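I wanted to know how the ligand sits in this protein, so I opened the model and kept notes as I went.

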Amino acid sequence: MKITEIRLGMISVPLRVPFKTALRSVSSVEDVIVEIHIDTSAVGYGEAPPTGAITGDTTGGIIGALQDHIIKTLVGRDVDDFEDVMRALNKCIVKNTSAKAAADMALWDLYGQLYHVPVYKLLGGSRNKIVTDITISVNDPEEMARDAINAIERGYDCLKIKVGVSPELDVARLMAVRKAIGDKACIRIDANTAWTPKQAVKLLNQMQEKGLDIEFVEQPVKAHDFEGLKYVTERSYVPVMADESVFSPEDAVKIMQMGAADLVNIKLMKCGGLYNALKIASAAEVYGVECMVGCMLEAKVSVNAAVHLACAKQVITKIDLDGPVLCSEDPVQGGAVFNEKEITVSSEPGLGIQGIEGIRYLD
Ligand SMILES: C[C@H](N)C(=O)N[C@@H](CCC(=O)O)C(=O)O
Ligand SMILES: [Mg+2]
């Protein structure tokens with residue numbers, strides 16, 4: 001089970017419509033693919049999106065971290081020494097969580113294949129189906145209302161509404177969406193760090209007073225502003241979820257100890273993969289904090305790994321794994337089946353990915 005070779009490549013997948021948040025706008029997924037080969041014929045697959053605005057990771061940075069640190073650390077190791085391999089991966093370079101996540105999921109994929117068990121089962125999971133929300137990009141209120149109706153027509157019953165670009169429009173955006181969809185869907189919102197703490201409390205309480213019925217708000221304030229997040233959590237009627245503030249298990253514990261948020265969004269690309277995501281989930285169990293599993297704008301390879309995590313852990317009560325359904329095509333064979341909001345995890349050993357079309361290899 002020795003790692004013989006790690007190949008890198010790129011995939012491009014166009015989106016159905018441009019994805020717009022308070023932090024960035026993009027129209028396609030351009031991700032790095034990692035293939036870990038071992039001395040049997042098995043291959044483990046991983047994916048890393050360059051979400052510089054959130055993680056600081058760029059395409060060049062992800063490739064550099066893999067080529068100069070991660071590949072050198074992993075080649076020659078035995079996947080069966082799993083804990084050693086994971087510790088080495090996490091120690092070989094600081095930060096660079098997207099590159100680490102891509103390698104981590106490829107290793108879990110191989111480990112599951114070695115023991116002939118799907119990863120979610122390896123983690124003790126029992127549910128094989130989950131239901132995702134879908135994201136509505138931030139635009140003018142009328143366009144967002146139209147997008148919300150389209151999402152309902154596609155069968156979604158939970159919408160994640162992006163806000164925070166021209167915050168003076170945010171209440172109008174939510175009013176337009178709620179008016180358009182009535183009570184056909186739950187609404188959660190994501191400000192992607194755009195508001196000040198005082199602005200957040202004012203806007204959220206206005207939304208509450210207007211009866212907009214917001215399930216929770218993700219990351220109202222700057223990522224580093226834990227005190228500001230706590231300020232909002234203590235004063236807002238709408239529950240607060242930490243997203244950009246929580247990368248590592250250490251961040252999660254700090255947020256939970258401070259009571260700075262009601263909920264935490266776990267993303268593989270922020271924490272460096274399943275190994276660290278499991279630590280955040282365990283901390284959340286200890287502190288009694290429910291979690292969401294989210295994704296960046298990613299294709300199915302990496303979102304599929306997050307599906308295994310979500311199916312494994314009961315502390316994960318909310319799902320935002322809409323990357324693949326925002327894409328206009330799916331180049332990935334195998335893995336979870338995405339039937340709009342319904343996601344069924346693969347019962348194949350490992351992560352269940354069989355192959356990826358159109359990889360442009362870098363070697
Ligand atoms: C795609 C997902 N629904 C989402 O909104 N994820 C992030 C932003 C991802 C990105 O910019 O690529 C989030 O902030 O929750
Ligand atoms: Mg978010």
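These are my entries on the ligand, its surroundings and the database record.

**Entry 1, the model.** Reminder to self: I'm looking at a predicted model.

**Entry 2, the shell.** I started with the neighbours of ligand 1 and got 17 residues around it. The closest are Arg 24, Thr 135, Lys 160, Asn 192 and Cys 295. Sorting the shell by class gave me nine charged, five nonpolar and three polar residues.

**Entry 3, the domains.** Where does ligand 1 lie relative to domain 1 and domain 2? I checked who supplies the shell: domain 1 (3-116) and domain 2 (121-356) both contribute residues, so ligand 1 lies between them.

**Entry 4, polar contacts.** Next I went through the acidic side chains. Asp 320 puts a polar side-chain atom 2.9 Å from a nitrogen atom of ligand 1. For Asp 190, a polar side-chain atom is 3.0 Å from an oxygen atom of the ligand. Glu 218 also has a polar side-chain atom by a ligand oxygen, at 3.1 Å. Then I looked up burial: ligand 1 on its own exposes 390 Å², and the protein buries 100% of that.

**Entry 5, the cavity.** I asked which cavity ligand 1 takes up, and its space turned out to be the largest cavity.

**Entry 6, the record.** I pulled the UniProt entry, which is unreviewed; under "binding site" it lists Asp 190, Glu 218 and Asp 243. They are spread over 54 residues of sequence, yet they cluster in space, with a largest C-alpha distance of 9.2 Å. From this set, I found Asp 190 in the lining of the largest cavity.

Technical notes: Residues are numbered from 1 along each chain as its sequence is written. Chains are lettered from A and ligands numbered from 1 in the order in which they are written. This is a predicted model: local features need pLDDT of at least 70, side-chain atom pairs count only at pLDDT 80 or more; totals for chains, interfaces and linings use all residues. Side-chain values use heavy atoms; hydrogens and water are left out. A residue is near a molecule or strand if one of its heavy atoms lies within 4 Å of it. A polar contact is a pair of N or O atoms within 3.5 Å; within protein, one must be able to donate a hydrogen and the other to accept it, and residues adjacent in sequence count only if both atoms are side-chain atoms. Accessible areas come from the Shrake-Rupley method with a 1.4 Å probe; for residues, only the protein chains shown count as cover. On a 1 Å grid over the protein atoms alone, a cavity is a set of points where a 1.4 Å probe fits but cannot get out, and a pocket is an open set with protein on both sides within 12 Å along at least five of seven lines; lining residues have an atom within 4 Å of a point. A molecule sits in a cavity or pocket if more than half of its atoms lie within 2 Å of its grid points. Ala, Val, Leu, Ile, Met, Phe, Trp, Tyr, Cys and Pro count as nonpolar, Asp, Glu, Lys and Arg as charged, and the others, Gly among them, as polar. Domain bounds come from an automatic or database domain assignment. UniProt positions are given in the numbering used here, feature names are shortened, and annotations may be inferred rather than shown by experiment.
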